[in-house]
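Grab a pencil and work through these exercises one at a time. Try each task before you read its solution.

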Amino acid sequence: MAVQNESLLWQAIKEYFESRVATIGLILLAVIVSVALLAPYISPQNPYDLMSIDIMDSKLAPGSKSMDEAVTYVLGTDSQGRDMLSSILYGLRISLGVGVVSTIIALIIGSIIGLWAAYRGGKTDAFIMRTVDLQLSFPAILVALILLAILGKGIDKIILALVIVQWAYYARAIRSNVLVERNKEYVEAAKCLALPQRRIMFGHVLPNCTPELIVISTVKVAGAIALEATLSFLGLGMPITKPSLGLLIANGFKYLQSGYYWISVYPGVALLVLIVCINLVGDRLRDVLNPRLKR
Amino acid sequence: MLAFLIRRITQSAVVLLVMSVLVFVGVFYIGNPIDILIAPDASPAEYARAVRDLGLDKPLWEQYFIFLKGALHGNFGNSFVYNEPALKIILNRLPATLELAFTAMFMAVFLGIPLGMVAGIQHDNWIGRNIMRFSILGFSLPTFWVGLMMIIVFSVHLGWLPSGGRGPTTEFLGMQVSFLSWKGLTYLILPATNLALFKTSLAIRLSRAGVQENLQMDYVKFARAKGLSNTRIIGLHVMKNIMIPVITVLGMELGNLIAFAVVTETIFAWPGMGKLVIDSIGVLDRPIIVAYLLITVTMFIIINLIVDVLYSILDPRVRLGDER
Amino acid sequence: MTTPLLDIQNLKTYFYTRAGVVKAVNGISLTINKGEVIGIVGESGSGKSVTGFSIMGLVDPPGKIAGGSIKFKGRELVGQPESQWRSFRGNEVAMIFQDPMMTLNPVLRIDTQMIEAIRTHEKVSRSEARRRCVEALAMVGIPSPEERIKAYPHQFSGGMRQRVAIATGLLNNPDLIIADEPTTALDVTIQAQILSEMQKLCRKTDMALMWITHDLTVIAGLAHRVAVMYAGTIIEEGPVQEVLDAPLHPYTEGLIGSVPSRNKRGEPLYQIPGMTPSLINLPEGCPFRMRCQRSSDACLEVPPVTVMDDGRKVCCFHPGKQS
């Protein structure tokens, strides 16, 4: 009689790859992330180095050569003469970085608060949850708008805004997860063994919340990236010196009508692919991990 | 029921108050307002006089109360840019935003819910799968990017639809609306569809999940055991069960739509509140920013309240209470 | 011999899952005659509910009827098109489920749900249909039916809801009602009430009743015949009193023996040793073999249906001696 001896993790991984679409998404995502990380090394030009750009090369169509015939601008140049490919690589780096960092911070803060609420219970819990509900009922963009209007531009301010917008989500997810798990039998069993609270929480309950957290945060990273792009596009987020994909798109917006589409479109495509891949992976993870939870 | 209403209204009032404090502190305290209002080359005497005139020398809490009193009377001060009461300017632009938001909502409900239901029933074949793929796209793509693409395709490339601005308006119920004229509609379609994209995808996903969940339930099996046709089962039994949660979520999202109109209005140069605010943030026209924030938050809270009440009316279990 | 109302021959209903093929119903044969009350008894997982669903054509993927025949009034049901199933369900055969809270749609009124059961099969006016519904409600003992019919399911108590479900089943005067553990979720007094009402109804309308349950005691006062199911097969069948007094199959014996009232005071409760087999990996031969005290090498073969002299049926190589 064949017994399923493989570990649950391996099973989950195998099941993940059963979907062709999700596998492609994961591969693409890996490519994008590596490219973004390696941007300074692999991009043909450093778009922030004012010495390396030539205003004479501005608004060149994709595939054109530079004035001095030295480089070919594979994706064209923008209005300042910067190579689009390099700008996109750097932009990816920033977009991805901001999204991931803000998600991680929000995850940590939100989880701590959520855990605390779940364990203190009573008035503390009620108060925290009211705040969470309030925060969640406000549109993210409004909150971010207010914050950035007050704080101004800057990479740290955007990360702060993104964290403030996201923490409540994690707090609520962790808290409800903990409450559900706490009622399950294995916690009763652990309590009967007189294990200390902290041990039960971190050693037993938290690991069971992990699959769901993974799924949520993956999808939220995409959301954070999209939100940052939107804010940058509106002129509220990243400063000109460190453009994320959103800002790049904004810069090219005014040239759309005149036909210089590549200044906006290519960064847009990059953003699109990034977000879609993350969402594909996240969706697939959810399909794979959730039935496991229910078992 | 009455107790519930009173409780909710009180809560909302508290939230509004807290918001007003936050907004006030944020906008008038952080970042020195004085520097905006007074020319940088003013002499110390002019400076002092301006400070006194604008009441900026009073203690913070006093400034807040002055502000609050003014706000309750609808007076947010004059816009630095337009030199007219901020509230009046915002209210002028409100109908445009509302038109956009409601059109988008309409699309989300009447397109999204049926599509989602179809996806839920036909989840195994290509129709269902493609609807879901479309919804993933609509959900994850940043609205502004889609708007950009729409402009490129429909405006620049195909030349079918205008790329921005609002078309001719006609008078309707005391407001200027554009959907009553064909030309006006052409200007409305792109931005409304853009704004609706996210919500429609949401509606699709919710309806689909609702349908799938309900199809598993015993009452569906019982309905089939009675010999009812599939049309009736889906069209009445399941539909009524998913309507309630879907409509409540979408209703709450209306506030979101109004806020998100900021992006669409910017892209399509739609003359609504959102665009005004973005421009105002750029020039630090604080009265407008404050007025916008408080108006939006108020609308938001009212919408949420209405939706809450609606939910308790629609769900017979909540409305009639459990007799057992 | 008149055509039996329901004639099941060697019915197999399998579920094709990722983990394997679940043989929920593995070759059962059963006949029900007009006006008969038959009890189907078995533990959870014995296949009794799936049998009921199979008769109604309500087996959903990944399950399907994999073989055998179900004849209703001589007409073959297996393989008939969905449109014929639909006119059959709720009309010639009705089914009642276990948990009435979930079987009645919580957001629709009772009258809506009952009237539609009539109008989907017959062209009658709404007022005529409503009249019949009120009549049916009165018949099952719901007070002030004209008023209460306008209510929602959650406004009824559990017992009342089940009566509504029963009334709904009766609306089109079916020849057979399949009741799948209808009283399990109710408390004992209500249960007794409903049982006796069902009995009266069946006698009055000459309707056949298939009562599916895990509770032997319920069957005792209600049914004419009983069929005991285990791991997807009917292992014993016969008139109720005879089966209960003198069980032939060791499983039936064990089942009767484990009823608490049958056990002597102060002694440990009797339990059949072992566990029900997995329906994906059924053991060779007799499904009860691993837990049976009488098992021998012969039991490695699937025991055929043995018809005893008095008409009782059993699937065992070592049927008990009749006392």
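**Exercise 1. Work out how the end of the big sheet in chain C is put together.**

Step 1: Start with two strands (a strand is a DSSP run of E with at least two residues, a helix a run of H or I with at least four, both numbered from the N terminus). S11(C) and strand S12 (residues 313-314) of chain C run antiparallel and are joined by two bridges. That is enough to call them paired, as two strands pair if DSSP finds at least two bridges between them.

Step 2: Pick out one bridge. Thr306(C) has Val314(C) in S12(C) as its bridge partner.

Step 3: Zoom out. The open sheet has eight strands in the order S6-S7-S8-S3-S9-S10-S12-S11 (chain C), and its pairing is mixed. Strand S6 (93-96) and strand S11 (306-307) of chain C each have a single partner strand, so they stand at the edges with one side left without a neighbour in the sheet.

Before going on, a word on the ground rules. This is a predicted model, where local features need pLDDT of at least 70, side-chain atom pairs count only at pLDDT 80 or more, and totals for chains, interfaces and linings use all residues. Residues are numbered from 1 along each chain as its sequence is written, chains are lettered from A and ligands numbered from 1 in the order in which they are written, and side-chain values use heavy atoms, with hydrogens and water left out.

**Exercise 2. Find the neighbours of strand S9 in chain C and decide whether S9 is buried or exposed.**

Step 1: Look at one partner. Strand S3 (residues 37-41) of chain C pairs with S9(C) in the parallel sense, over four bridges. Here Ile40(C) stands opposite Ala227(C).

Step 2: Look at another partner. S9(C) and strand S10 (residues 233-239) of chain C run antiparallel, with six bridges between them. Ala227(C) turns up again, standing opposite Glu237(C) in S10(C).

Step 3: Check the hairpin. Two residues lie between S9(C) and S10(C), and Ala231(C) takes a positive phi near 50 degrees in this hairpin.

Step 4: Check the cover (buried means under 20% relative accessible area, exposed over 50%, partly exposed in between, with a 1.4 Å probe and protein chains only). Six of the six residues of strand S9 (residues 225-230) of chain C are buried, so the strand is largely enclosed by the rest of the structure. Both faces are covered: one side has Arg225(C), Ala227(C) and Met229(C), while the other has Val226(C), Val228(C) and Tyr230(C).

**Exercise 3. Give the strand order of the four-stranded sheet in chain C.**

Step 1: The order in this open sheet is S2-S1-S4-S5 (chain C), with antiparallel pairing. Strand S2 (20-32) and strand S5 (75-76) of chain C each have a single partner strand, so they sit at the edges.

Step 2: Take one pair. Ten bridges link strand S1 (residues 6-17) of chain C to S2(C), in the antiparallel sense. Phe15(C), for one, stands opposite Val22(C) in S2(C).

**Exercise 4. Compare the end-to-end spans of two helices in chain B with the values for straight helices.**

Step 1: Get the rule: the expected span is 1.5 Å times one less than the number of residues.

Step 2: Try helix H12 (residues 286-314) of chain B. Its 29 residues should span 42 Å, and its end C-alpha atoms are 42 Å apart, which agrees. H12(B) is also mostly covered, with 21 of its 29 residues buried.

Step 3: Try helix H8 (residues 182-215) of chain B. With 34 residues a straight helix would reach 50 Å, but the end C-alpha atoms are only 42 Å apart.

Step 4: Look for a bend (the angle between axes fitted to the seven residues ending at a residue and the seven starting there). H8(B) has a kink of about 40 degrees, centred on Leu197(B).

**Exercise 5. Describe the surroundings of Arg175 in chain A.**

Step 1: Place it. Arg175(A) is in helix H7 (residues 155-182) of chain A, and it is buried, with a relative accessible area of 17%.

Step 2: List the contacts (heavy atoms within 4.5 Å). Leaving aside neighbours within four places in sequence, Arg175(A) touches Gly114(A), Ala117(A), Ala118(A), Asp125(A) and Met129(A).

Step 3: Find the polar contact (a pair of N or O atoms within 3.5 Å; within protein, one must be able to donate a hydrogen and the other to accept it, and residues adjacent in sequence count only if both atoms are side-chain atoms). The side chains of Arg175(A) and Asp125(A) make one at 2.6 Å.
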